[in-house]
Amino acid sequence: MDRIAITGGARLNGEIPISGAKNSAIKLMAASLLTEEPLRLTNMPRLADTRFLGKLLQRLGTEVVEAEGEDGPETLLRTKEIVSGFAPYDLVRQMRASFNVLGPLLARTGQAKVSLPGGCTIGARPVDLHLKALEALGARIDLHEGYVYAQAPGGLTGGRIDFPFNSVGATEHAMLAAVLARGETVMTNAACEPELVDLADCLNKMGAHVTGAGTSVIRIQGVGQLHGAVHAVMPDRIETGTYAVAAAMAGGEVRLTRTRSDFIQALLDKMVEAGVEVTPHNDGLTVRRNGALLKAVEVETGVYPGFATDLQAQFMALMTLADGESVIKETIFENRFMHAPELSRLGADIAVQGGEARIRGVQALEGAQVMATDLRASVSLVIAGLAARGETVVHRVYHLDRGFERLEQKLSDCGAQIRRLKGDIEGEED
Ligand code: EPZ
């Protein structure tokens, strides 16, 4: 298993181009199951997760071709025919978002058998809201031996879906199914994340009638069939926020391009409160910090436009060097502080109790061996390593490869001392 070694202390100066959003790309790829015509996705990130979903889609009947287009990487997906409606445990277990093929399969063919995804390190992550939404569209759902058997022999019908609380995945999943349902679907208490707006835009280009995406009420007029389209994946707001925090942690001046600062306003407000200089511009933003001590600030994660849970670990890394005590409350996932003990190995002073972490700023961090536990947790360790004295080695970087494209290159282009160490080390277990 690869590791990443960082020698801390180098300031970051330069430009980082932001890639297409992982969490949008994988839902857009699933949308290709809804039509027999080609869907061309541009600004595609090349990540373990997108490759992985590509493999599952190929099994279901999608032709997947990766190419280098005029404006960077793109993927052409074409599902002339669904050859299988079966998504096995091994494929869904490795990436939860694979579960979202269920709705499109059901909408296009009237049946599907998809493995339940199971829990993961950040929490139990049930899919009850996904299944209730599909039932509201007329699907018959049975659960046997870890599999969801879904049927709608006469096709799905529009319905009313009142979500009890916000779920990004369930809202996207319901949208992916309702676009081909007969009649109108109204979703209330829908999630408002920008990735949902991106999905709705793409579906509308494919001939769907979705309105209200980005607000809590989404209306969908079902259509008989969808057609091909070309769509550019939105910029990755979590990658944007991650490099913004990295620049603040290491010090220096970094311009983040090909992105949008408004997607991470809640993070930027907290960074400014902590004493970091942030300047938005047309194509992204510039983050600057010149050695001044950071102030400790309080953060509570929330649904969009609140502070993203996917940026919580990175911000915690930043607060380990702040002046005073900061409190971080995690409200979205019940177990998302796995990075805290690893940051403590670098000398951070963090006390976790329930959904709350108290971080007392220390004078300096010291490099150590640390273990990545999930995607965002692992990048928080890289960020901490940028400022730690000496060498930090992050183990199990396959987590990072799921969601950060060319991370070492993007950081080393700005002056970071970071390199990948290939292969196994003796005795390491997965
Ligand atoms: C998406 O997960 C993202 N993943 C997550 O990013 C992100 O942290 C999360 O949204 C919140 O923004 C992808 O887009 C692939 P939810 P999702 O459904 O859709 C509970 C990353 O690092 N819930 O909004 O799974 C759930 O357990 C990942 O890129 C139910 O109880 O999140 C959680 O507590 C990690 N029943 C809360 O809702 C359900 O049926 C919000 O989850 C569904 C969710």
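**Two open sheets and a ligand shell**

An open sheet of four strands with mixed pairing follows the order S18-S19-S21-S20; here strands are DSSP runs of E of at least two residues and helices are runs of H or I of at least four, both numbered from the N terminus, and two strands pair if DSSP finds at least two bridges between them. The model is a predicted one, in which local features need pLDDT of at least 70 and side-chain atom pairs count only at pLDDT 80 or more, while totals for chains, interfaces and linings use all residues. Residues are numbered from 1 along each chain as its sequence is written, and side-chain values use heavy atoms, with hydrogens and water left out.

At the edges of this sheet stand strand S18 (299-300) and strand S20 (349-353), each of which pairs on one side only. S20 runs antiparallel to strand S21 (residues 356-360), and five bridges join the two. Within this pair, Ala351 has Arg358 in S21 as its bridge partner. The loop between S18 and helix H10 (312-319) holds Pro305, and the peptide bond from Tyr304 to Pro305 is cis, with omega near 10 degrees.

A further open sheet, again of four strands and with mixed pairing, has the order S2-S15-S17-S16. Strand S2 (12-17) and strand S16 (277-281) are its edges; each has a single partner strand, so one side of each is left without a neighbour in the sheet. Neighbouring strands are turned by 10 degrees against each other on average, direction ignored, with axes taken as lines fitted to C-alpha atoms. S16 and strand S17 (residues 284-289) run antiparallel and are joined by five bridges, and Thr279 stands opposite Thr286 in S17.

Turning to the ligand, 22 residues surround it, of which Asp128, Ser167, Asp310, Ile332 and Arg376 come nearest; a residue counts as near if one of its heavy atoms lies within 4 Å. By class, this shell has ten nonpolar, five polar and seven charged residues, where Ala, Val, Leu, Ile, Met, Phe, Trp, Tyr, Cys and Pro count as nonpolar, Asp, Glu, Lys and Arg as charged, and the others, Gly among them, as polar. At least three shell residues come from each of domain 1 (3-19 + 235-421) and domain 2 (22-232), with bounds from an automatic or database domain assignment.

Polar contacts (pairs of N or O atoms within 3.5 Å) reach the ligand from several residues. A polar side-chain atom of Asn23 lies 3.0 Å from a ligand oxygen atom, and a polar backbone atom of Gly169 is 2.7 Å from an oxygen atom of the ligand. For Asp310, a polar side-chain atom lies 2.6 Å from a ligand oxygen atom. The protein covers 86% of the 830 Å² of accessible area that the ligand has on its own, by the Shrake-Rupley method with a 1.4 Å probe. Helix H1 (22-31), helix H5 (128-136), helix H6 (168-178) and helix H12 (375-387) are the elements that give two or more residues to the shell; H1 gives the most, with four residues.

Elsewhere, Asn189 lies in the loop between strand S11 (184-188) and helix H7 (194-205). Its phi is near 55 degrees, a positive value in a residue other than glycine.

Definitions and conventions:
Axes are lines fitted to C-alpha atoms, for helices over the stretch in contact, and angles run from 0 to 180 degrees between N-to-C directions. A polar contact is a pair of N or O atoms within 3.5 Å; within protein, one must be able to donate a hydrogen and the other to accept it, and residues adjacent in sequence count only if both atoms are side-chain atoms.
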